[in-house]
Every structure is written in C-alpha cells, then in structure tokens.
Amino acid sequence: MKSAKRILLAALLALSGLTAGAQIYDTNSDVVGTFAGWGIPGYVDGNGQLTAFSAPTQIVSDTASNLYVWDNGNHVIRKIRPDATVSTLAGGGSFFQGYGTNVNFSWGQAGSMTIDRSNNLWLVLVDGSYYPYISYLLTIGTNGYVEIANAGFTNLGVASGLCADSSGNLYYSGGNRIYRYNPGNGSVQPIAGSGIAANYDGPGPFFSAFNSPAALACDPADNIYVWDSINYTIRRIDPNQNVQTIAGSGSGNYYYGNGIMDGVGTNASFTGVQSIFTDHAGNLYLVCGTCIRKMDAQTNVVTLAGVFPSFSSGNQGIFANGPGNLARFNSASGGCFSQGMVLVADTGNNRIRNITFNSQMQVVPPASLGIGTFAGITIAGTIGRAYQIQSSPDMNTWATRATVLLTSNPYLWFDQNPIAGNNFYRAVMVP
C-alpha cells in the first residue's frame with residue numbers, strides 16, 4: 001500500500017510539473033539558537049531573549065560585532081551588542097533628520113539596509129504617498145546622526161538590494177540594472193544590466209541583462225553578487241564589471257517550493273531568496289524564508305538550517321531551535337555573518353536567530369607562511385579573514401599571541417613583545 005502511495009505521489013508530481021527537491025545539509029554540525037527576542041511581537045529593550053521585536057526584516061554587523069536590526073513593525077533600528085544587549089539606535093521621534101530616537105521612520109516603507117566599511121548604516125525608505133513614489137537613501141553615522149543622503153534615486157525601491165564595497169561605494173538594484181552610487185560626489189552609474197528584462201552574461205551595462213534583480217552582497221574582493229529573481233539565478237559582477245551566472249538552474253517553481261535543489265552551480269535551483277550576504281572566507285549565504293542556504297567559493301550549494309517549502313508539508317513556517325535539519329524558520333528575511341556565526345532576522349517568529357558551527361581551526365600550511373630574520377610571520381591568506389598567531393619554544397606546545405584580521409595579502413605580523421626562548425611561529429585560520 002505504501003509503495004502504491006509513493007507511485008501515485010510521483011505520478012501527481014510529474015503531471016503537475018513538480019519535482020521533489022533534493023536537500024543536502026551542511027556537515028559542519030550547525031546548530032540554531034535564539035540570540036534575541038522572545039517571539040511575541042512587541043517593543044522591549046533589554047538582554048537576549050528578554051526583549052521583543054516586531055517583524056524584524058534586516059540585520060547587519062559592524063566591525064566591532066555589534067548588530068543593527070531594522071525592526072519593521074516598530075519602525076526603528078535596534079542595536080544588539082555582542083553580549084546580546086538590545087537598545088534602540090534610531091527611530092521613534094518626529095523629525096526627518098537628526099540624532100537617534102529624535103528621528104521618525106514611519107513615514108515611509110523600508111527596503112534594504114547595509115553597512116559600509118566605516119560602520120555607517122544605509123537604509124532605503126520609500127514614501128508611497130506620492131505618485132510616482134519617492135525613494136530616499138538614508139545614512140546613519142557612527143555618531144547616531146540620521147540624514148537623507150539622496151532623494152529620488154532612479155529605480156530604487158522597496159525590493160531593491162543594497163550593498164557597499166571596500167572603497168565606500170554603494171550598489172543598488174532596480175529597473176533590471178545594477179547601479180553604483182558614490183556618496184562622496186553623489187554620482188550614479190549603471191555598471192551592469194541593459195535595462196531590458198532578459199538573461200545574458202557579458203561585460204558591463206550594454207552586454208548583460210537581468211530580470212528583476214533584487215538582493216545584493218559584496219565580498220572582501222569587491223565582487224558583487226545578485227539574486228536575479230525572475231531568472232532564478234545567482235549572478236556575479238567582478239570588479240571589471242563582467243557578469244557571470246554562477247548558480248541556479250534558470251527556472252523556479254513557486255508551488256510549495258518543489259523543484260528546489262541543493263547542488264553545484266547551475267545544478268542547484270532557487271525560488272525565493274530574501275537576502276544574501278558573505279563571510280570572510282568567500283562563502284555566500286542565502287536567506288530563503290524557511291531555510292538558510294550556503295554557497296562556497298566552488299559554487300557548492302547546501303542547506304545550513306531549516307527546510308525547503310515542500311509539497312507535503314506546506315511552507316514549514318514554524319519555530320524550532322536545534323540541529324540544522326531540525327530547526328525551523330518563519331519568513332526569515334535578513335541575515336549577516338558576525339562573531340563566527342550566522343545571524344538571521346526571523347521575521348515571522350519575531351526573533352534574531354543564530355547559527356553556530358562546530359568548526360575546527362585550520363593550521364595555515366608552510367607554503368602560505370614566510371619566516372624572516374625578524375620576530376614574526378608573513379601570512380599569505382584571505383583578506384578580511386581572522387587568523388590566530390601562535391608561538392612555541394619546541395613546536396609541541398603552542399601559545400596564542402594575537403588574533404589578527406588580514407587587511408592585505410600577504411600580511412606581515414611583528415611580535416612586539418617577543419618572549420625569550422620562543423623560536424617558532426605559526427598561524428591558524430579561525431572558523
């Protein structure tokens with residue numbers, strides 16, 4: 001009887017054009033927990049799970065591992081310190097510009113939020129009371145001052161993606177194009193996409209095309225990643241503005257997500273992707289409503305946590321902490337990488353979730369190290385990645401001397417306080 005049911009289900013799927021999605025879970029012992037929020041919509045500052053959010057949608061991290069959350073239901077930006085202390089950074093006031101909680105965000109509908117390398121926040125706010133609507137790009141400085149950086153951006157809207165590169169340029173998607181905005185002089189330039197709704201790779205804005213590009217991310221090497229939503233693909237724009245499709249089969253299926261597949265490159269498939277972001281090791285993460293997925297530098301796509309929407313179980317939009325395959329999300333829409341964890345704005349569950357890894361530190365091989373006549377070491381590694389410097393008198397017992405974030409490649413580290421008898425150094429890549 002069970003075999004007959006399976007055959008019948010397979011026949012129904014075939015007739016409807018649906019295929020059972022293959023989900024491959026990451027093997028890194030991923031575990032999902034709750035970092036902040038108690039799950040009931042509200043507005044309470046405090047610590048950890050003794051706080052309340054209302055449909056948080058965007059989350060980013062600064063260089064000191066502070067988190068910033070667009071709390072959509074409360075129209076404010078919340079700040080979460082590394083110890084999970086939650087406060088209100090901006091919003092709740094009555095002015096268009098000004099300091100922190102004197103400012104009012106409720107006059108518009110918020111879209112994407114990003115943070116640049118100088119720790120300035122950028123937020124898209126769209127005023128729908130006008131026709132055509134007016135899009136505003138707001139900036140929130142490290143001193144908490146909120147100002148309108150630009151109003152009336154072409155094709156910038158609620159669905160637009162937003163990211164920043166290492167030089168402080170911003171990128172946004174809209175009108176089937178990707179634009180670069182220079183905050184220093186206010187210039188806007190299309191860098192990719194002809195503006196025609198199509199799908200082809202190539203150099204620059206004249207020989208490439210997108211169809212409703214949405215979420216954006218920028219890696220430490222200034223490659224821009226694009227969720228091309230109607231083409232169901234992940235596209236990459238390199239610093240020379242060459243566009244390449246790196247993942248996605250080019251077709252999606254919104255009938256309960258059947259047809260979603262993990263796999264390598266174009267063998268993987270996607271339907272809805274709400275946001276994308278990168279870590280320091282070149283991995284790309286995708287927040288997909290009921291699951292969080294990861295694509296490594298070799299374009300291998302796996303699931304970190306949660307489940308695909310499925311034919312048999314609806315959208316699986318519930319709440320559960322635990323190992324990745326048992327964890328559940330509800331309309332998760334934002335994410336970032338911080339403190340060695342993935343942080344997720346779990347919108348439907350009114351929580352900030354964290355995904356931790358059981359990673360082992362990796363010793364940097366001798367070929368990537370340089371030992372000179374000085375007390376120290378030269379590392380050939382990944383810019384933006386954390387490395388732990390260790391020393392030893394006998395190469396058996398190692399002591400941690402420093403943890404550094406590579407700002408150049410190669411990176412030269414001097415031992416400012418050499419200890420007598422320490423003759424050996426090594427570097428360990430921090431997960």
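**Close-up views of a strand-rich protein**

**View 1. Strand β4 and its neighbour β5.** Let's start in the middle of things: β4 and strand β5 (residues 76-80) run antiparallel and are joined by five bridges. Keep in mind that what you see is a predicted model. To find one of the pairings, look for Val69, whose bridge partner in β5 is Arg78. The two strands make a hairpin, with four residues between them. In that turn sits His75, which has a positive phi of about 55°.

**View 2. The other neighbour of β4, strand β3.** Strand β3 (residues 56-61) also pairs with β4, again in the antiparallel sense and over five bridges. Here you can pick out Ser61, whose bridge partner in β4 is Leu67. This pair of strands forms a hairpin too, with five residues between β3 and β4. Its turn holds Ser65, with a positive phi of about 70°. If you're wondering what holds paired strands together, here's the general idea: strands of a sheet pair through backbone hydrogen bonds, and they can be parallel or antiparallel.

**View 3. Strand β4, covered on both faces.** How many of the five residues of β4 are buried? Five of the five, across residues 67-71, so the strand is largely enclosed by the rest of the structure. Go face by face and you'll find Leu67, Val69 and Asp71 on one side, with Tyr68 and Trp70 on the other, all of them buried.

**View 4. An open sheet of four strands.** Move along the chain and you meet an antiparallel open sheet, whose strands come in the order β12-β13-β14-β15. Which strands stand at the edges? They are β12 (162-164) and β15 (188-192), and each has a single partner strand, so one side of each is left without a neighbour in the sheet. From one strand to the next, the twist averages 30°. Zoom in on β12 and you can follow its three antiparallel bridges to strand β13 (residues 170-174). There, Leu162 stands opposite Tyr172 in β13.

**View 5. The nonpolar cores.** The largest nonpolar core has 21 residues, and Trp227, Ile234, Phe270 and Ile276 touch the most other members. Several strands chip in: β17 (213-218), β18 (224-228), β20 (242-247), β23 (284-287) and β24 (291-295) each supply at least two residues of this core. The largest share, three residues, comes from β17. There is also a second, separate core of 18 residues, and Tyr68, Phe105, Trp107 and Ile115 are among its members. You have already met Tyr68 as a buried residue of β4.

**View 6. Cysteines without disulfides.** First, a reminder: a disulfide is a covalent bond between the sulfur atoms of two cysteines. Search the whole structure and you get zero of them. Cys218 is in no disulfide, and its nearest cysteine sulfur, that of Cys163, is 5.2 Å away. Is Cys218 buried or exposed? Its relative accessible area is 12%, so it counts as buried. Cys291 is in no disulfide either, with the nearest cysteine sulfur, that of Cys288, 4.7 Å away. Cys291 is buried as well, at 2% relative accessibility.

**View 7. Zooming back out.** The protein's secondary structure comes to one helix and 36 strands. Of its 431 residues, 51% are buried. About 18,800 Å² is exposed, and carbon and sulfur atoms supply 53% of that. Among contacts with a separation of 6 or more, 46% come from residues 24 or more positions apart.

Note on methods:
Residues numbered from 1 in each chain as written. Predicted model: local features only at pLDDT ≥ 70, side-chain atom pairs only at ≥ 80, totals over all residues. Heavy atoms only, no water. Disulfide = S-S within 2.5 Å. Buried < 20%, exposed > 50% of the residue type's maximum accessible area, 1.4 Å probe, protein only. Pairing = 2+ DSSP bridges. Axes fitted to C-alpha atoms, helices over the stretch in contact; angles between N-to-C directions. Contact = heavy atoms within 4.5 Å. Areas by Shrake-Rupley, 256 points an atom, 1.4 Å probe, with all protein chains shown as cover. Core = buried A, V, L, I, M, F, W, Y, C linked by side-chain atoms within 4.5 Å.
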